[in-house]
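This report goes through a protein model from its overall make-up to selected contacts. The sequence and the structure are shown first.

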Amino acid sequence: MNTTDLRFTETNSADDSQGRTWGLDGNLFWFMAGGAFAFVIVLLVCFSAMRMGFFASVLIAALPLALCATYVFVFRQGKPRGYDLDCLDYWLSGAGFGPVPERQPKHPLCLNERQTGTSSMI
């Protein structure tokens with residue numbers, strides 16, 4: 001095989017992927033690790049410092065972990081970049097770029113009460 005027939009093309013396909021950790025895209029495992037850390041801290045505070053029951057402490061401590069898991073799996077995992085911010089923007093300010101027929105003003109030349117009488121023409 002002649003080496004002059006080979007064509008080398010430099011690509012940056014490795015730069016496009018941020019990798020996977022624990023089956024999660026990019027750095028999403030940090031959200032889950034933070035939720036697990038918050039779970040342990042809240043569990044220790046509720047169970048040890050506040051002397052609450054174990055099951056009540058687990059239920060209260062599960063809230064941060066559940067919120068992190070919901071955020072990761074609903075708004076980030078497998079979604080395009082910026083999906084979570086787009087959803088937040090949509091919920092706060094409505095539709096983005098594009099006409100919303102309900103919010104459009106009436107055209108000034110289109111009158112609802114069109115004068116059809118001929119008496120004004122005389």
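## Overall make-up

Helices (H or I, at least four residues) and strands (E, at least two) are taken here as DSSP runs, numbered from the N terminus. Read in that order along the sequence, the protein follows the pattern α-β-β-α-α-α. The count is four helices and two strands. The model is a predicted one.

The protein has 122 residues, and buried residues make up 11% of them. Among contacts between residues at least 6 apart in sequence, 42% join residues at least 24 apart.

## Aromatic pairs

A pair of aromatic rings is described by the distance of the centres and the angle of the planes. With ring centres required to lie within 6.5 Å, the protein has six aromatic pairs. One of them joins Tyr-71 and Phe-75, with 6.4 Å from centre to centre and 40° between the planes, and this pair is tilted. Both residues belong to helix H3 (residues 54-76) and are four residues apart, about one turn of the helix. Tyr-71 has a relative accessible area of 26% and is therefore partly exposed, since that class runs between the 20% limit for buried and the 50% limit for exposed.

Phe-75 also pairs with Trp-91: the ring centres are 5.8 Å apart and the planes meet at 80°, so this pair is edge-to-face. The cut-off behind that label is an angle over 60 degrees. Phe-75 lies in helix H3 and Trp-91 in helix H4 (residues 83-93), so the pair ties together parts that are 16 residues apart in sequence. Trp-91 has a relative accessible area of 57% and therefore counts as exposed. Phe-31, Tyr-71, Phe-75 and Trp-91 form one aromatic cluster.

## Packing of H3 and H4

Two packed helices are described by the angle between their axes and the distance between the axes. For H3 and H4 the angle is about 90° and the axes are 9 Å apart. The two helices are therefore roughly perpendicular to each other, a class that covers angles from 65 to 115 degrees.

Which residues make the contact? H3 contributes Tyr-71, Val-74, Phe-75 and Arg-76, while H4 contributes Tyr-83, Asp-84, Cys-87 and Trp-91. By class, the residues of this contact divide into six nonpolar, no polar and two charged. Tyr-83 has a further partner in Lys-79, which lies over the face of the Tyr-83 ring at 5.7 Å from the ring centre.

## Helix H2 and its partners

Leu-43 is found in helix H2, which spans residues 29-49. Is Leu-43 buried or exposed? Its relative accessibility is 17%, so Leu-43 counts as buried. Leaving aside neighbours within four places in sequence, Leu-43 is in contact with Ser-48, Phe-54, Ser-57, Val-58 and Ala-61. The C-alpha atoms of Leu-43 and Ile-60 are separated by 7.6 Å, with the two positions 17 residues apart along the chain counted as their separation.

Leu-44 lies in H2 as well. Leu-44 has 48% relative accessibility and therefore counts as partly exposed. Leu-44 and Ser-57 are 13 residues apart in sequence, and their C-alpha atoms are 8.2 Å apart in space.

Ala-66 is located in helix H3. With a relative accessible area of 40%, Ala-66 is partly exposed. Ala-66 and Gly-35 are 31 residues apart in sequence, yet 7.7 Å apart in space, C-alpha to C-alpha.

## The loop between H2 and H3

Arg-51 lies in the loop between H2 and H3. At 71% relative accessibility, Arg-51 is classed as exposed. What is the phi of Arg-51? Its phi is near 55°, a positive value in a residue other than glycine. Most residues other than glycine have a negative phi.

Notes: Residues numbered from 1 in each chain as written. Predicted model: local features only at pLDDT ≥ 70, side-chain atom pairs only at ≥ 80, totals over all residues. Heavy atoms only, no water. Phe/Tyr/Trp six-rings, centres within 6.5 Å; stacked < 30°, edge-to-face > 60°. Buried < 20%, exposed > 50% of the residue type's maximum accessible area, 1.4 Å probe, protein only. Lys NZ or Arg CZ within 6 Å of the ring centre and 35° of its normal. Axes fitted to C-alpha atoms, helices over the stretch in contact; angles between N-to-C directions. Parallel < 35°, antiparallel > 145°, perpendicular 65-115°, else oblique. Contact = heavy atoms within 4.5 Å. Nonpolar A, V, L, I, M, F, W, Y, C, P; charged D, E, K, R; others polar.
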